[in-house]
2 protein chains.
Amino acid sequence: MLSIVIIGSGNVAHHLIKAISKSNKLEIKQVYARNKVNVIDVIDENKITNDVSQLKEADLYLISVSDAAVAEVSNKLMLENKLIAHTSGSLDMNVLDSKNRKGVFYPLQTFSKKKDVNFHEIPICLEAQNEKDYEVLETVAKNISNVVYSINSQQRKALHVSAVFVSNFVNHLYKIGNDICDENKIPFQILLPLIQETAQKINYLPPVAAQTGPAVRNDIEITQLHEAFLSDESQKKIYQLLTQSIQNNVKKL
Amino acid sequence: MLSIVIIGSGNVAHHLIKAISKSNKLEIKQVYARNKVNVIDVIDENKITNDVSQLKEADLYLISVSDAAVAEVSNKLMLENKLIAHTSGSLDMNVLDSKNRKGVFYPLQTFSKKKDVNFHEIPICLEAQNEKDYEVLETVAKNISNVVYSINSQQRKALHVSAVFVSNFVNHLYKIGNDICDENKIPFQILLPLIQETAQKINYLPPVAAQTGPAVRNDIEITQLHEAFLSDESQKKIYQLLTQSIQNNVKKL
């Protein structure tokens, strides 16, 4: 049985606590949260502390706080030669304080507290300073997910940028579509099957082969009609830039 | 039994032929294709014609050709007072020639010949000049789909612009994510669960509530890191514009 202390109480910490609690080979020894109320829904109150000097012994400490706070939190830990991993997609492993052994345990997914996820399908990207620590991370990861990758800090940075494009920016495009529907009194719901199919399609086709629409067909009449339709300047700019990018891509093929 | 003639042989025509053929209450009387070989995989050869003067009698003629060709094709039909509908998201019903009764039969989905779709889940947006014709379109639509909407030409234009944002542009962002992975020797596959979850999330949460990532958190350190990471100028511009748009949106809330 591997014991784990979770440090943090945000979206990622929340889902990690839930996933780890389900495994009978892992034990959550403790959760550190500045504000206990943030995690009281997922862990016994007597396992929560808000005092960094009271952290218990464990095989692994997972720091799951905002990127800006990771270095400082790791510095404040009154621990030595323990295995400490952060869960950030963008931070180098070496932002962690050197008084402990460093690792990364990055679950690549978009987490909202209100939406449950199937953790077994979430890729977990691991990195450690030595093989033994990597094995500890791997054991924990494989107990909560079926998809575990070894990814170094440089690759993880690229992966995180990609993730921003395929998830954060994609969601923002959903938001723009929703705004346009609202303005024109059309239920956004009509677009949901299209959105699901667009996502599912690339399980079978590479995105470049799945591209459809007026831009890739170079249908200038329609793209001009759309630009004229868009009165919001920000929406229009995004329309123009993405249309141009799709068309430049066609020229390269 | 309603009889239908399909005019066209592109992606949409292809999937329409397959969907209509499955219904025992609808009959495909004929398919018009300039090049017979384009539809030979989905319909009996003796039902295909490439001679516009040989079109048979039917309850409904569906023009499913490129947007640029719809008006011309409808003009060339040697038919009078028949119900003719186009399948385009962007064209007004009135681009159709007035010698026949006009309608629109717009299945809102992204179609690729190589990827099967479940037509029953595809919203079909209908418009007609009179109630009786609307009922014909509705009967056909309800026999191949569970989701049928009445949408006028102006709404359909807005819907099509939204669809470009939530599907065509989204797919292009997948493509950029794929490119970044390839350049950094990361399997794009790692991102597939994130992509699926991002799409599924908005079945439960409105996109504005589902937004995550450095832009919405206003995490300038990370967004600057990402911008510096992107050496491709086009990718960098898209990153900046979409980040800014997400942040402007936060300010409005």
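**Helix α4, its surroundings and the sheet**

In this predicted model, helix α4 of chain B is followed by Lys185(B), a residue whose phi is positive, near 55 degrees. At the other end, where α4(B) starts, a side-chain oxygen of Asn152(B) reaches to within 3.1 Å of the backbone nitrogen of Gln154(B). The helix comprises residues 153-183 of chain B, and at 1.5 Å a residue its 31 residues should span 45 Å; the C-alpha atoms at its ends are 44 Å apart, which agrees with that expectation. Along its course, α4(B) nevertheless bends by about 35 degrees at Val164(B). Of the 31 residues of α4(B), 26 are buried, and the helix is therefore largely enclosed by the rest of the structure.

In chain A, the loop between α4 (153-183) and α5 (192-201) holds Ile190(A). This residue has a relative accessibility of 0%, and because buried means under 20%, Ile190(A) counts as buried. When neighbours within four places in sequence are left aside, Ile190(A) is in contact with residues of chain B, namely Leu108(B), Pro123(B), Cys125(B), Tyr149(B), Ile151(B) and Leu159(B).

Attention now turns to the strands. Strands of a sheet pair through backbone hydrogen bonds, either parallel or antiparallel. In chain A, an open sheet of eight strands follows the order β3-β2-β1-β4-β5-β6-β7-β8, with mixed pairing. Strands β3 (48-49) and β8 (148-150) of chain A stand at the edges and have a single partner strand each, so that one side of each is left without a neighbour in the sheet. The partners β7(A), which covers residues 124-128, and β8(A) run parallel and are joined by three bridges, and Leu126(A) has Ser150(A) as its bridge partner in β8(A). Helix α3 of chain A, residues 131-144, packs on this sheet, where it touches β1, β2, β4, β5, β6, β7 and β8 of chain A, and its direction makes about 165 degrees with that of β7(A).

In chain B, strand β1 (residues 2-7) is mostly covered, since six of its six residues are buried. Leu2(B), Ile4(B) and Ile6(B) point one way from β1(B), whereas Ser3(B), Val5(B) and Ile7(B) point the other way, and the residues of both groups are buried. With strand β2 of chain B, residues 26-32, β1(B) pairs in the parallel sense over six bridges, and the bridge partner of Val5(B) in β2(B) is Gln30(B).

Technical notes:
Residues numbered from 1 in each chain as written. Chains lettered and ligands numbered in written order. Predicted model: local features only at pLDDT ≥ 70, side-chain atom pairs only at ≥ 80, totals over all residues. Heavy atoms only, no water. Pairing = 2+ DSSP bridges. Helix = DSSP H or I, 4+ residues; strand = E, 2+ residues; numbered from the N terminus. Contact = heavy atoms within 4.5 Å. Axes fitted to C-alpha atoms, helices over the stretch in contact; angles between N-to-C directions. Expected span 1.5 Å × (residues − 1). Bend = angle between axes of the 7 residues up to and from the residue. Buried < 20%, exposed > 50% of the residue type's maximum accessible area, 1.4 Å probe, protein only. Polar contact = N/O pair within 3.5 Å; in protein donor to acceptor, adjacent residues only side chain to side chain.
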